[in-house]
Amino acid sequence: MEFKKAMNVLMAQEGISQKQWAEEAGYKTVSAISTPMSKGDIMLSTLCRLAKSVGYSVCLVKDGPNEEGYLPIPVDAKSVKGAEKKGS
């Protein structure tokens, strides 16, 4: 799924707007979401922070058929510089 579509699906599932999501993640403006969506590119730390703010994780998933032994590998937001909100 394309990045922009994935972001829109997540917002629809959670029933939130870009503005609400940015606020939930501790950003002062919606540009933390709108700019990466328009460019189709986002920093990993921003993606982890946004995902965590609404109860999601960023994971690495093996391409192709889901074979036994290949489980999603979560990216630990705490290990990504800038992914944690200040004070959390």
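**Ser53 and the largest pocket**

Me: Why is Ser53 called buried in this predicted model?

Reply: Ser53 has a relative accessible area of 18%. The cut-off for buried is under 20%, so Ser53 counts as buried.

Me: Okay, and where does Ser53 sit?

Reply: Ser53 belongs to helix α4, which covers residues 44-53.

Me: What makes the pairing of the side chains of Ser53 and Trp21 a polar contact?

Reply: The two side chains are joined at 3.3 Å. A polar contact needs N or O atoms within 3.5 Å, one able to donate a hydrogen and the other to accept it, so the Ser53–Trp21 pair makes the cut.

Me: Which backbone oxygen lies 2.7 Å from a polar atom of the Ser53 side chain?

Reply: That's the backbone oxygen of Leu50.

Me: Leaving out residues up to four places away in sequence, what does Ser53 touch?

Reply: Ser53 touches Trp21, Glu24 and Ala25. Touching here means heavy atoms within 4.5 Å.

Me: Now the largest pocket. How much space lies in it?

Reply: About 410 Å³. Its lining has 13 residues, and Ala6, Leu10, Leu47, Ser57 and Val58 lie nearest the centre. Two or more lining residues each come from α1 (3-14), α4 and β1 (58-60). With four residues, α1 gives the largest share.

Me: How do the lining residues of that pocket divide into nonpolar, polar and charged?

Reply: Twelve are nonpolar, one is polar and none is charged. Asp, Glu, Lys and Arg are what count as charged, so the lining holds none of those four types.

How values were computed: Residues numbered from 1 in each chain as written. Predicted model: local features only at pLDDT ≥ 70, side-chain atom pairs only at ≥ 80, totals over all residues. Heavy atoms only, no water. Buried < 20%, exposed > 50% of the residue type's maximum accessible area, 1.4 Å probe, protein only. 1 Å grid on protein atoms, 1.4 Å probe; cavity = no way out; pocket = protein on both sides within 12 Å on 5 of 7 lines; lining within 4 Å. Points joined across faces, edges and corners; volume = space filled by probe spheres on them.
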